[in-house]
Amino acid sequence: MSATATLLVQVSDVNDNVPKFSEAEYQVEVSETESVGKSLLTLSALDPDEGVNGRIRYSLRGGEGRFFIDPVSGMVSVAGPLDRETKAEYSLLVVAEDQGRPARSATATLLVQVSDVNDNVPKFSEAEYQVEVSETESVGKSLLTLSALDPDEGVNGRVTYNIFQQSPSSDPAVFELDSSSGTLRLVQALDHNEVKEYSLKVQASDGGSPSLVGNVFNTFGERYASFTVGMNSLWSLPNTSET
Ligand SMILES: [Ca+2]
Ligand SMILES: [Ca+2]
Ligand SMILES: [Ca+2]
Ligand SMILES: [Ca+2]
């Protein structure tokens, strides 16, 4: 008599493979005005093990909640508002972990560069400047240097100045504003009998396209520097005895 029996030998998979990213470091650029939910790139790691031993789940470390990775697909997207002026670069750690027991994991670096958008209007250091000038002040004299700040990058933050409005008006010009330095100069002799006070509206524009300037939206008061030039009367001095 003999009997046969079938012996089934099952070779069970051992979680002996660590997930492997296609790159050690990934880079991506995103505009600072990109909307939440926008997909940036898909990261992928491979794990040749079977079943749960090869089933990868992705996660992110760092990034201050501004980025999200889909745990299954590895797609990275924007999860919060960005501002290049606050933070221009994020370095995140991406983790790929299989579901074996124990689990094995690998990491890669994801560098996110936040690119600039011209989203800041030049802002004057003061809402109003005042200067008093003697009517005998010599032509060519620098009266004041205005300064407006614009934290954007490159031309988006390069400020130029001009006189937007002057009251009362004058022809030829009494004042000249250096467009790049913001220095206001006297270019005509003053006469206190004619005009006692000039009021200038000065504008600061950046070099972005389109350029952001202060002449359209009155609600942003800080875009203007209302500029008053008051003149001393020197009537009490000798040689200015008119009237
Ligand atoms: Ca594995
Ligand atoms: Ca910004
Ligand atoms: Ca700007
Ligand atoms: Ca900006």
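**Entry 1: the whole chain**

I began with a count of the secondary structure, and the chain has 0 helices and 18 strands. I noted at once that this is a predicted model. Next I looked up burial. Of the 243 residues in the chain, 25% are buried. Then I turned to contacts between residues at least 6 apart in sequence. Of these, 73% join residues at least 24 apart.

**Entry 2: the record**

I checked the UniProt entry, which is unreviewed. It carries the annotation "domain: Cadherin" for residues 1-21, 22-124 and 125-212. I took the stretch 1-21 by itself. It is 0% helix and 10% strand. Its end C-alpha atoms are 59 Å apart.

**Entry 3: the sheet of four strands**

In what order do the strands of the 4-stranded open sheet lie? I read the order as β2-β9-β8-β5, with mixed pairing. β2 (25-31) and β5 (56-61) are the edge strands. Each has a single partner strand, so one side of each has no neighbour in the sheet. I also looked up the twist. On average, neighbouring strands here are turned by 25° against each other, direction ignored.

I reminded myself of the general rule: strands of a sheet pair through backbone hydrogen bonds, either parallel or antiparallel. Then I went through the pairs.

- β2 and β9 are parallel, with 7 bridges. Ser31 has Ser115 in β9 as its bridge partner.
- β8 and β9 (residues 105-115) are antiparallel, joined by 9 bridges. They form a hairpin, with 6 residues between them.
- I found two facing pairs for this hairpin. Glu97 is opposite Ser105 of β9, and Tyr90 is opposite Val112 of β9.

**Entry 4: the sheet of three strands**

I moved to an open sheet of 3 strands, ordered β3-β7-β6, with antiparallel pairing. Which strands are at the edges? They are β3 and β6, and each pairs on one side only. Neighbouring strands in this sheet are turned by 20° on average, direction ignored.

I listed the pairs again.

- β3 (residues 39-42) and β7 share 3 bridges. Ser39 is partnered by Ser77 in β7.
- β6 (residues 67-69) and β7 also pair over 3 bridges. Phe68 is opposite Ser77, and Phe67 has Val78 as its bridge partner.

So Ser77 turned up twice in my notes, with Ser39 as one partner and Phe68 as another. I then checked the hairpin of β6 and β7. It has 5 residues between the strands, and Gly74 there takes a positive phi near 80°.

**Entry 5: the loop after β7**

I followed the chain out of β7 (75-78) and reached Pro81, in the loop that leads to β8 (89-98). Is Pro81 buried or exposed? I found 12 C-beta neighbours inside 10 Å. The cut-off for exposed is 12 or fewer, so Pro81 counts as exposed. I also looked up its distance to Phe67. The two residues are 14 apart along the chain, and their C-alpha atoms are separated by 9.5 Å.

**Entry 6: the cores**

Next I looked for nonpolar cores. I kept a general rule in mind: in soluble globular proteins, nonpolar side chains tend to be buried together. The largest core has 17 residues. Which of them touch the most other members? They are Leu43, Tyr58, Val94, Ala96, Leu110 and Val112. β5, β6, β8 and β9 each supply at least two residues of this core. The largest share, 4 residues, comes from β9. A second core lies apart from it. That one has 12 residues, including Ala148, Tyr161, Leu184 and Val202.

**Entry 7: back to Val112**

I finished with Val112, which I had met opposite Tyr90 and again in the largest core. What does Val112 touch, leaving out residues up to four places away in sequence? My list reads Val28, Val30, Phe67, Glu89, Tyr90 and Leu92. Val28 and Val30 fall in β2 (25-31). Phe67 falls in β6 (residues 67-69). Glu89, Tyr90 and Leu92 fall in β8 (89-98).

Terms used. Residues numbered from 1 in each chain as written. Chains lettered and ligands numbered in written order. Predicted model: local features only at pLDDT ≥ 70, side-chain atom pairs only at ≥ 80, totals over all residues. UniProt positions renumbered as here; feature names shortened; annotations may be inferred. Buried ≥ 20, exposed ≤ 12 C-beta atoms within 10 Å, placed from the backbone. Pairing = 2+ DSSP bridges. Axes fitted to C-alpha atoms, helices over the stretch in contact; angles between N-to-C directions. Contact = placed C-beta atoms within 7 Å. Core = buried A, V, L, I, M, F, W, Y, C linked by C-beta atoms within 7 Å.
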